[in-house]
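Reader: I'd like to learn how to read helices and buried residues in a model like this one. Could you walk me through some examples?

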Amino acid sequence: MATVSFEGATRIHPGAAAPAVDRLDLQIADGEFLVLVGPSGCGKSTSLRMLAGLEDVDAGTVRIGGEDVTDVRPRDRDIAMVFQNYALYPHMTVAANMGFALTNAGRPRAEIDRRVREAAAILDLLPLLDRKPRALSGGQRQRVAMGRAIVRAPAVFCMDEPLSNLDAKLRVSTRTQIAGLQRRLGITTVYVTHDQVEAMTMGDRVAVLDRGVLQQCASPRELYARPANAFVAGFVGSPAMNLVTVPVDGDAVSLGGVRIALPRSGSGARRGAGARPGAGADGDPTGARAGTEVRAAATVTVGIRPEHLVPATGADALEVTVDVVEELGADAYVYGSLTGSGTPLVVRVDPRTPPDRGAQLRLVPDPAHTHLFDGATGKRLG
């Protein structure tokens with residue numbers, strides 16, 4: 001096992017106008033399961049390939065176990081890759097595929113057989129060791145690819161979207177198996193996915209990237225409760241957070257006629273969801289920085305998750321026209337529009353009594369879970 005660190009790691013592809021990964025600073029603890037997530041082209045796979053030695057590092061440093069491996073050959077980095085396409089040899093049996101790296105390294109046959117059977121037992125592959133890949137299902141092939149990595153007993157697992165070829169149901173069960181297996185083995189794992197639900201359910205921490213830049217790295221709970229900026233707020237969560245940009249009006253903003261107070265400099269009286277008492281933006285203990293940012297902002301983006309729009313009991317309320325109701329059994333979501341402005345909003349409603357299409361809902365945002373971001377920079381306020 002080993003720690004992993006990226007220290008200002010940068011990758012610029014030849015002919016590209018901007019870095020694929022721009023000054024990535026990220027520390028991964030020994031035995032941690034860290035997920036890199038973001039939209040297509042955000043740099044997550046490039047970051048993983050830099051760690052594995054499959055991409056050059058144009059600036060900065062990559063370390064494994066405290067050792068600088070920036071210029072070390074991939075085969076000498078003590079990592080094991082699990083790819084999206086399994087990369088199994090079709091003419092070899094499951095056992096031969098799993099033990100290939102050890103065979104190639106000249107290990108004794110008895111040791112290879114022992115390590116293959118140990119890994120196969122962990123992955124429930126013992127009855128399949130004599131089969132060829134063509135006789136396996138997609139989930140079984142993925143387990144064989146995992147077994148090949150386990151047999152090597154590496155310091156670090158690198159997994160590049162290993163579940164994307166599986167159907168939805170199998171993907172759910174396999175991701176649970178992978179997460180449980182990693183915790184059992186305790187091997188440091190860096191896992192790449194574009195699926196934020198997969199990221200949130202598997203990772204000890206999740207690193208969100210956008211256009212090659214790390215936006216936030218935190219536990220799944222913290223990402224959800226206190227996103228660092230509007231991008232993270234809109235990316236994390238399904239359905240996504242409602243984000244509406246409105247002009248600043250004195251010490252408040254107005255959303256559909258409902259006034260939402262902004263953080264006040266130094267007082268800490270009004271803060272965004274999850275803020276520490278007395279803390280402003282970026283942990284400023286006085287709250288003064290948040291107040292300065294709010295005064296300088298011409299617009300503020302208000303963020304409200306679908307479950308934090310609740311039925312109104314007073315006169316001030318958001319009036320939402322129901323366009324579509326999505327019933328999912330245990331949950332139901334209304335996709336509607338704000339009366340007057342037509343701003344789209346998503347609202348979680350009681351699945352036992354969902355409203356009809358065309359109905360009018362009166363709602364208010366839960367003030368304890370309302371997020372505020374600078375309308376121009378997207379940075380969290382308060």
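Author: Happily! Keep in mind that this is a predicted model. Let's begin with helix H5, which is mostly covered, as 12 of its 14 residues are buried. Among them are Gly139, Val144, Met146 and Ile150, along with the charged-looking names you may spot, Arg143 and Arg148.

Reader: What do the buried residues of H5 pack against?

Author: They pack against S6, H2, helix H3 (100-104), H4, S7 and H6. After H5 comes Ala153, with a positive phi near 50°.

Reader: How do I check the span of H5 against its 14 residues?

Author: Count 1.5 Å a residue, and the helix should span 20 Å; the end C-alpha atoms of H5 are 20 Å apart, so the two agree. You can try the same check on helix H6 (residues 168-185): its 18 residues should span 26 Å, and its end C-alpha atoms are indeed 26 Å apart.

Reader: Which residues of H6 are buried?

Author: They are Thr174, Arg175, Ile178, Ala179, Leu181 and Gln182. These residues cover an arc of only 165° around the axis, so they sit on the same side of H6. On the other side, Lys169, Thr176 and Arg184 are exposed.

Reader: And what covers the buried residues of H6?

Author: The cover includes strand S3 (33-37), helix H4 (109-122), helix H5 (138-151), strand S7 (156-160), strand S8 (188-193) and helix H7 (196-202).

Reader: What should I look for at the start of H6, and just after the helix?

Author: At the start, look at Asp167: one of its side-chain oxygens comes within 3.2 Å of the backbone nitrogen of Lys169. Just after H6, find Gly186, which has a positive phi of about 70°.

Reader: Now for loops. Is Asn229 buried or exposed?

Author: Buried means under 20% relative accessible area. Asn229 has 12% relative accessibility, so this residue counts as buried. Its place is the loop between helix H8 (220-225) and helix H9 (230-235). The Asn229 side chain makes a polar contact with the side chain of Gln215, at 3.0 Å. Leaving aside residues up to four places away in sequence, Asn229 touches Gln215, Phe373, Gly378, Lys379 and Arg380.

Reader: Where is Met92, and which residues does Met92 touch?

Author: Met92 lies in the loop between strand S6 (79-82) and helix H2 (94-98). With a relative accessible area of 18%, Met92 is buried too. Not counting residues up to four places away in sequence, Met92 touches Asn97, Phe100, Arg131, Lys132 and Pro133.

Key. Residues are numbered from 1 along each chain as its sequence is written. This is a predicted model: local features need pLDDT of at least 70, side-chain atom pairs count only at pLDDT 80 or more; totals for chains, interfaces and linings use all residues. Side-chain values use heavy atoms; hydrogens and water are left out. Helices (H or I, at least four residues) and strands (E, at least two) are DSSP runs, numbered from the N terminus. The expected span of a helix is 1.5 Å times one less than its number of residues. Buried means under 20% relative accessible area, exposed over 50%, partly exposed in between (1.4 Å probe, protein chains only). The arc is that of the directions from the helix axis to the C-beta atoms. Contact means heavy atoms within 4.5 Å. A polar contact is a pair of N or O atoms within 3.5 Å; within protein, one must be able to donate a hydrogen and the other to accept it, and residues adjacent in sequence count only if both atoms are side-chain atoms.
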